[in-house]
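Hello,

Here is the structure I promised to pass on to you. Please open it next to this email, and then read on for what turned up in it.

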Amino acid sequence: MESRRANAFRTARFQLSQKLQSTQSVCDFLIACGELSDVQADDIMSKTTRSAQNSALCSHISTRGNSAYDNFRLALEETNAPDFLRQLLPDFKNAPQQTSASGINGRPTLTDDLLRRIDTIIINDSPDSRLAGASRVVADCTRDSALPIYPIDIAKKTGLALIINNVDFAFMAPRKGSDVDHHNMALLLEKFNFEIFEKDNTRNLREADMKDVIERFAQQRDHQKYSCSVVVILTHGKDGFLYATDSHRDNLVSVEWMLRLFQGDKCPNLNGKPKLFFLQACRGEKMDKGADKYGFDAADSAVASGSGDVKEESEDDIMKAMLEQNYDEVDAIARGDVIASQSDFFVAYATVPGYVSWRNSLNGSWFVQAMVQVFSKYSKNEDLVAMMTEVNRLVQEKFSSSSGNYKMTPTQTNQLTKKFYFPPYHHR
C-alpha cells in the first residue's frame, strides 16, 4: 500500500477498531471485491468481540495493496457506516466526478443518452440503419431468402410478453433503477406490437406468485394465434436460479424449471415459434475488471460455487455491495444454466457465467438499456442474433461501473432454427 494510504489508514485504525459496527457487511463487500476470501472473513468474524473483529479486519487491510484501501473505504460508504468514520479515510483514487460521455480517467463509462427513462421509442426507419460490416442485402419475409426466417403475422399481435420486475426483497437490498428497465422494456415490446401479459401485476412477486404467473403464461392458449413469445425477468440471481422477493436459501426459481415449461410437450401452442428470454440477473459473484485495452488490473475475484447445490451461505452476501444513488449495483446464477433441449429457444443473459451484472441505481441496467437502444436503432434491418452481438459490443465498450473499475459481458444461448426479426418493418 502506498504511503499516503498507509498513513491515513494507520491514523484511522483505532477509531475503526472501536467504532465500526457493520463488520460483517464490510467483510461481505470485501469478499465480493476479492479483497477477502471466505476463510479469511470467517477467521475475522470468529473473534469474540466486535473490537477484536475490527482489529483483525484492519490488520488484514493494512497488509494489502492500494485496492484494499479503496475498497474498504467504499465498503464503509455502502454499508452506511457513520460519517465520521468515512471521513477518516480520504479518497485518493477519484476526484469528485459525474457520469459523462467522456468517461473516468479516459475509460468509457455510462452516458446520459444511453441510460435514461425513455418516454417514447422511435424505430429507426432509415435505409442506412445497418450494423457496421453487415451485408447490404436485406432478407425479406415476403420474398425468397437464402436463410429461413420465422414468419410474423403482422395482422395480429406479435405475441405475448411477460415482464417480471422484482425490486424490493425481504433478505436483500432493493434493486434501484429496475423500474426504469421495466418501463423501457414494456415500451419497446409494445412498439413491436407485443401484448404485455398481466402488465400491472408482475412487480415484486413472491416465489409462489412468480412461479404461478410463469406457469400461467406458458399455458396461455393465445400463444397459438400469435407468432412468438417473450419473457423478461429483472431480479437478483445466482447459480442457475432467480430470486423472488421472499427468496432466501431454498425458495428460489430455477431457470431450468422455467425453460422446461416452454418445451413442446408442455407448451404445444408455441411449437415451432421463437421463445425469447431476457434475464437481467447475476450469474455469480465475480466482478470483471476488464483487460489491457482499458488498462485495468487483473481481476482477483471471489470464486463462485461449482457445486450442484445452492451454496449454504447468506444469499445476500453479494447484495451487500449495492451502491447508492448515482453509482452502480450488482444483481448477484454460475453453473446450472441448463437450456431446454427443444428448439426455437433464445436465452439472453446480462452477463457470462460466474459474474455479476451491473445496474445503475438511477437509470437501470446496462444490459436492458443497451438492448433498448440497439433494438430501436437496428430492428428494421437486423435480426435478433446480429443485434445481440451489437448489445455485447456496446456493453463492453461503452459501459463501466461508476468507479471505472468493472466491466460486464452479456451472453446468449441460441437454439433458434431460423432468423428472427422484430416487426413491423421487415415483415411487410
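Let's begin with K275, which stands opposite F345 in strand 10. This is a predicted model, so please keep that in mind as you read. The two strands that meet here are strand 7 (residues 275–280) and strand 10, which pair in the parallel sense over five bridges. Strand 10 has another partner too: with strand 14 (residues 411–414) it pairs in the antiparallel sense over four bridges. In that pairing, A348 stands opposite Q412 of strand 14. If the two words are new to you, strands of a sheet pair through backbone hydrogen bonds, either parallel or antiparallel.

How many of the five residues of strand 10 (residues 345–349) are buried? Five of the five are, so the strand is largely enclosed by the rest of the structure. In a regular strand the side chains alternate between the two faces of the sheet. For strand 10, both faces are covered: F345, V347 and Y349 are buried on one side, and F346 and A348 are buried on the other.

Now for the nonpolar cores. The largest one has 38 residues, and F278, F375, L384 and M388 touch the most other members. Elements that each supply at least two residues of this core include strand 7, strand 10, helix 7 (178–191) and helix 11 (384–398). Helix 10 gives the most, with nine residues. To see the packing for yourself, try selecting L384: leaving aside residues up to four places away in sequence, L384 touches L276, F278, F346, F375, L416, F420 and F422. Apart from this core lies another, of 29 residues, with L162, A218, I233 and V253 among them. As background, in soluble globular proteins nonpolar side chains tend to be buried together.

There is also a small sheet to look at. It is an open sheet of three strands in the order 4-5-6, with antiparallel pairing. Which strands stand at its edges? They are strand 4 (237–238) and strand 6 (253–254); each has a single partner strand, so one side of each is left without a neighbour in the sheet. Strand 5 (residues 241–242) is joined to strand 6 by two bridges, and F241 has S254 as its bridge partner in strand 6.

Next, some charged pairs. Side chains of opposite charge can pair when their charged atoms come close. A search of the whole structure finds 12 salt bridges, and here are three to try:

- R73 and E77: their closest N and O atoms are 3.0 Å apart. Both residues lie in helix 5 (residues 66–78), four residues apart, about one turn of the helix. R73 is buried, with a relative accessible area of 18%, while E77 counts as partly exposed at 21%. The cut-off explains the two labels, because buried means under 20% relative accessible area.
- R216 and D212: this salt bridge spans 2.9 Å, N to O. Both residues lie in helix 8 (residues 207–218), again four residues apart, about one turn of the helix. R216 is partly exposed at 30% relative accessibility, and D212 is partly exposed at 34%. These two are also linked with E198 in a network of salt bridges.
- D209 and R206: the closest N and O atoms are 3.2 Å apart. D209 counts as partly exposed, at 31% relative accessibility, and R206 is partly exposed as well, at 49%.

Is helix 2 (residues 23–33) mostly covered or mostly open? Mostly covered: nine of its 11 residues are buried. Among the buried residues are T23, V26, D28, F29 and C33. Just after helix 2 comes G34, whose phi is positive, near 85 degrees.

Finally, the whole chain. The protein chain has 11 helices and 14 strands. Of its 428 residues, 55% count as buried. Its accessible surface comes to about 17900 Å², and 46% of that belongs to carbon and sulfur atoms.

Have fun exploring, and write back with any questions.

Best wishes

Methods:
Residues are numbered from 1 along each chain as its sequence is written. This is a predicted model: local features need pLDDT of at least 70, side-chain atom pairs count only at pLDDT 80 or more; totals for chains, interfaces and linings use all residues. Side-chain values use heavy atoms; hydrogens and water are left out. Buried means under 20% relative accessible area, exposed over 50%, partly exposed in between (1.4 Å probe, protein chains only). Accessible areas come from the Shrake-Rupley method with a 1.4 Å probe; for residues, only the protein chains shown count as cover. Two strands pair if DSSP finds at least two bridges between them. A salt bridge is a side-chain nitrogen of Lys or Arg within 4 Å of a carboxyl oxygen of Asp or Glu. A nonpolar core is a set of buried Ala, Val, Leu, Ile, Met, Phe, Trp, Tyr and Cys residues joined through side-chain atoms within 4.5 Å. Contact means heavy atoms within 4.5 Å.
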